[in-house]
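Dear colleague,

I am passing on to you the structure set out below, together with a summary of what was found in it. Please look through the summary alongside the coordinates.

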Amino acid sequence: MSDVTVSSFSALSSMNALWQARYGTRPPGISLPESPVARSLMTHRSVRAFSPTPVPDGVLEAAVAAGQSASTSCNLQAWSVIAVRDPARRERLARIAGDQDFIAQAPLFLAWVADLSRLEHVGQSRGRALPGLDCLDTFLGAVMDTAFAAQNAAATFESYGLGIVYVGAVRNQPEAISAELGLPKRTLAVFGMSVGYPDRKQPTAIRPRLPQQAVLHSEQYDGAAASNPEVLDAYDDRLRAAAAAQGKPARGWSDSVLARLGDISALHGREHLPQVLRRLGFMLGEA
């Protein structure tokens with residue numbers, strides 16, 4: 001089973017060992033080439049218990065530089081990030097985002113923002129209307145830009161020995177988050193990210209992922225492979241066993257899908273996101 005804690009990552013001496021930890025199964029019958037980048041990415045785990053030790057000087061700037069090195073749609077760079085260190089503001093954000101205490105605990109919280117406001121200002125400064133701002137594809141591009149940048153930053157933080165966890169709950173109450181962060185129209189906090197050194201007293205583990213045969217297709221989408229009941233049932237078993245080994249409720253992937261999507265209230269307000277987005281200045285229509 002995949003029960004590899006943060007304290008035992010050094011024992012993962014090969015790419016094959018990392019594969020075993022990530023999938024809970026033997027690696028494919030091929031030799032996985034060594035890569036320090038792949039090694040770092042494959043050891044990722046979400047951290048929800050942090051040490052109060054501050055993030056070292058320069059690390060945030062390096063992470064943002066890595067974020068700005070990510071691909072960006074049409075070079076629009078339609079994202080911004082807000083670094084929150086103030087304990088009182090982190091506490092307020094924690095309450096807004098589902099009472100998640102680790103947001104207040106971590107020394108750094110980042111709000112990753114899809115930002116069309118800056119593009120709108122470019123048009124205004126040049127005396128040009130920008131009808132393309134209201135197209136759905138422009139909004140999607142901004143969300144993708146934000147995600148690409150954040151993932152580069154996350155990998156950078158982890159390369160410095162820090163831990164991170166993404167916080168989707170900033171979308172529970174987007175307008176409250178917007179007010180707290182002073183966001184202008186045509187911006188949305190897509191997700192947050194808590195950053196800090198992991199609390200070593202509360203070890204974390206690599207969580208098994210879906211097997212590649214469910215997500216990797218050749219030439220065309222293979223629906224039978226993507227939803228093979230035997231494959232998904234086996235994955236459910238591995239995930240339950242890994243959770244139980246960590247002293248957590250034994251919950252399979254299918255259980256999580258049903259719990260999350262089987263009751264609209266499980267979205268905690270995000271089911272109203274289309275209406276909220278329009279109030280925040282996103283039209284999401286045709287030009």
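The following paragraphs go from the overall fold to individual residues.

Please note at the outset that this is a predicted model. The protein contains 13 helices and 4 strands. Its radius of gyration is 20 Å, close to the 19 Å that the globule rule gives for 287 residues, so the protein is as compact as a globular protein of that length. Along the principal axes, the C-alpha atoms occupy a box of roughly 60 × 50 × 40 Å.

As to packing, 43% of the 287 residues count as buried. If one takes the contacts between residues at least 6 apart in sequence, 74% of them join residues at least 24 apart. The accessible surface of the protein amounts to about 15,100 Å², and carbon and sulfur atoms account for 55% of that surface. With regard to charge, the protein has 28 positive and 27 negative charges, and the mean positions of the two sets lie 4 Å apart.

Aromatic pairs

A pair of aromatic rings is described by the distance of the centres and the angle of the planes. The count for this model is 5 aromatic pairs. One of them is formed by W19 and Y23, whose ring centres are 4.4 Å apart; the planes meet at 45°, which lies between the limits of 30 and 60 degrees, so the pair is tilted. Both residues belong to helix α1 (residues 15-23), and because they are 4 residues apart there, about one helical turn separates them. W19 has a relative accessibility of 12% and therefore counts as buried. Y23, at 13% relative accessibility, is likewise buried.

Another pair consists of W79 and W112, with ring centres 5.6 Å apart and planes at 40°, so this pair is tilted as well. Here the two rings link distant parts of the chain: W79 lies in strand β1 (residues 79-84) and W112 in strand β2 (residues 108-115), 33 residues apart. W79 counts as buried because its relative accessibility is 9%, under the 20% limit. W112 is buried too, its relative accessible area being 0%.

Positive phi angles

Two residues deserve a mention for their backbone geometry. R186 is not a glycine, yet its phi is positive, at about 65°. This residue sits in the loop between α8 (174-181) and β4 (187-196). R186 has 13% relative accessibility and so counts as buried.

L284 also has a positive phi, near 60°, and is a residue other than glycine. Its place is in the segment after α13 (273-279). With a relative accessible area of 18%, which is under the 20% limit, L284 is therefore buried.

The surroundings of A63

A63 is part of helix α3 (residues 59-68). Its relative accessibility is 1%, and A63 therefore counts as buried. Which residues is A63 in contact with, leaving aside its neighbours within four places in sequence? They are A153, T156 and F157. By contrast, E271 is 208 residues from A63 along the chain, and 32 Å separates the C-alpha atoms of these two residues.

Yours sincerely

How values were computed. Residues are numbered from 1 along each chain as its sequence is written. This is a predicted model: local features need pLDDT of at least 70, side-chain atom pairs count only at pLDDT 80 or more; totals for chains, interfaces and linings use all residues. Side-chain values use heavy atoms; hydrogens and water are left out. Helices (H or I, at least four residues) and strands (E, at least two) are DSSP runs, numbered from the N terminus. The radius of gyration is taken over C-alpha atoms; the globule rule is 2.2 Å times the number of residues to the power 0.38. Buried means under 20% relative accessible area, exposed over 50%, partly exposed in between (1.4 Å probe, protein chains only). Contact means heavy atoms within 4.5 Å. Accessible areas come from the Shrake-Rupley method with a 1.4 Å probe; for residues, only the protein chains shown count as cover. Lys and Arg count as positive and Asp and Glu as negative; His and the chain ends are not counted. The place of a charge is taken as NZ of Lys, CZ of Arg, CG of Asp or CD of Glu. Rings of Phe, Tyr and Trp (its six-membered ring) pair if their centres lie within 6.5 Å; planes under 30 degrees apart count as stacked, over 60 as edge-to-face and the rest as tilted.
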